Amino acid sequence: MTTTLAPSDRTVRDFYDLLPYNHFDDPATAIARARANPLSAYPDLDATLAEAGPGLSAVEIGCGTGWASNALALHYGARAEGVDFSATALERARRVAEATDSGARFVQSDLFAYRPATPPALTLSIGVLHHTHDCRAAFDHVAGFVPSGGLFFLGLYHAPGRLPFLRHWRGLLEREGEAAALAAFGRAMPQSPDPEHLASVFRDQVLHPQESQHKLQEVWGWMEAAGLRLISTSINRYGPVAEPEELFAEEAAYAALSEERIAEGRYFPGFFTMLMERP
Ligand SMILES: C[S@@+](CC[C@H](N)C(=O)[O-])C[C@H]1O[C@@H](n2cnc3c(N)ncnc32)[C@H](O)[C@@H]1O
């Protein structure tokens, strides 16, 4: 990596170098996770990939420990390239690729300095751009990779859907300290298979030094300015996209849903996805 990072991006890289997000203590767990296809959690992306068939070129921006890039290659036969600036995260991503023979490749780069060698049919970025010094600039840069007919799958923290989560967990942290907050986090998130994974998720989502939150309505403007159109979004549970105003009205209810889930003691980090295409 030869470019100079913005100061907050350097802080973010150092944060993930210490412990990447979704890092399992036992590599076998990461390998089992990639084999179980975690991408099936996104039904719109899953269906699109299944329909596209093998050979699709894909670039993942901010791939971290590589579960999505490895799953793209393993389950959909995609030619996947994962990009991240954390050497620690990439070490694990490559180890899983080797163990599963996924064929996914991994590149260390600041996303702002990266450009794919050829325009990928699918660009994806899950939970990354909101950790950069400028989410809009990151969006514009990454949207520029998408060729005509290409897809862009994006996951971002939602405003205000994220705020109940932050209030709850940061409040608990302040009142009861890190050990108690982490233990409670583990009870809300029982699917976490090992303590290191739990800690990696907790610090990513509760102790992060840099994050922003965004509205679908806001990203809609970025999307239109970049010449993209929306195919589907988690905001209306991947239903048909008719009028944007209908989606924005649904979006307004997201904060209340988030409050409800948090009050029920559930794990609800306030995240939303968009699947877009360039016509
Ligand atoms: C919350 S993690 C998400 C990782 C992965 N997408 C996942 O879902 O497990 C954010 C990732 O983005 C990477 N990242 C953040 N800013 C970046 C930048 N400017 N350039 C490259 N990678 C970046 C971090 O190193 C980290 O691995």
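This passage walks through the ligand site, the empty spaces and a few backbone oddities of the structure. The model is a predicted one, and residue numbers count from 1 along the chain.

Let's start with the ligand. It has 20 residues around it, and the closest of them are Gly62, Trp67, Asp84, Asp110 and Leu111. Sorted by class, this shell contains nine nonpolar, seven polar and four charged residues. Some of the contacts involve polar atoms. Tryptophan 67 places a polar side-chain atom 2.8 Å from an oxygen atom of the ligand, and asparagine 22 does likewise with a polar side-chain atom at 3.1 Å from a ligand oxygen atom. Phenylalanine 85 takes part through its backbone: an N or O atom there lies 3.3 Å from a nitrogen atom of the ligand. On its own, the ligand has 590 Å² of accessible area, and the protein covers 98% of that.

Next in the sequence after phenylalanine 85 comes serine 86, which sits in the loop between β2 and α5. Serine 86 has a relative accessibility of 0%, so it counts as buried. Its C-alpha atom is 9.9 Å from that of valine 107, a residue 21 positions away along the chain.

Now for the empty spaces. The structure has one cavity of 30 Å³ or more. The largest cavity holds about 60 Å³ of space. Its lining is made up of Asn22, Phe24, Ala30, Arg33, Thr65, Gly66, Trp67, Arg92 and Val96. Two elements, α2 (27–35) and α5 (87–100), each give two or more residues to this lining. By class, the lining of the largest cavity splits into four nonpolar, three polar and two charged residues. Two names here may ring a bell: Asn22 and Trp67 line the largest cavity, and asparagine 22 and tryptophan 67 also have polar side-chain atoms by oxygen atoms of the ligand, at the distances given above.

The second largest pocket has a volume of about 180 Å³. Its lining has 13 residues, and Ser57, Val59, Arg79, Glu81 and Thr118 are the closest to its centre. Here the elements that give two or more residues are the strands β1 (57–61) and β2 (79–84). As for the mix of classes, the lining of the second largest pocket has seven nonpolar, three polar and three charged residues.

Finally, a few spots in the backbone deserve a look. The peptide bond that joins alanine 159 and proline 160 is cis, with an omega of about 5 degrees. Proline 160 belongs to the loop between β5 (151–157) and α7 (163–176).

Two residues other than glycine turn up with a positive phi. One is asparagine 37, with phi near 55 degrees, in the loop between α2 and α3 (43–52). The other is tyrosine 238, with phi near 65 degrees, in the loop between β6 (229–233) and α11 (244–252). Are these two loop residues buried or partly exposed? Asparagine 37 has a relative accessible area of 11%, so it is buried, since the cut-off for buried is under 20%. Tyrosine 238, at 27% relative accessibility, counts as partly exposed, because that class runs between the 20% limit and the 50% limit.

Definitions and conventions:
Predicted model: local features only at pLDDT ≥ 70, side-chain atom pairs only at ≥ 80, totals over all residues. Heavy atoms only, no water. 1 Å grid on protein atoms, 1.4 Å probe; cavity = no way out; pocket = protein on both sides within 12 Å on 5 of 7 lines; lining within 4 Å. Points joined across faces, edges and corners; volume = space filled by probe spheres on them. Helix = DSSP H or I, 4+ residues; strand = E, 2+ residues; numbered from the N terminus. Nonpolar A, V, L, I, M, F, W, Y, C, P; charged D, E, K, R; others polar. Buried < 20%, exposed > 50% of the residue type's maximum accessible area, 1.4 Å probe, protein only. Near = heavy atom within 4 Å. Polar contact = N/O pair within 3.5 Å; in protein donor to acceptor, adjacent residues only side chain to side chain. Areas by Shrake-Rupley, 256 points an atom, 1.4 Å probe, with all protein chains shown as cover.
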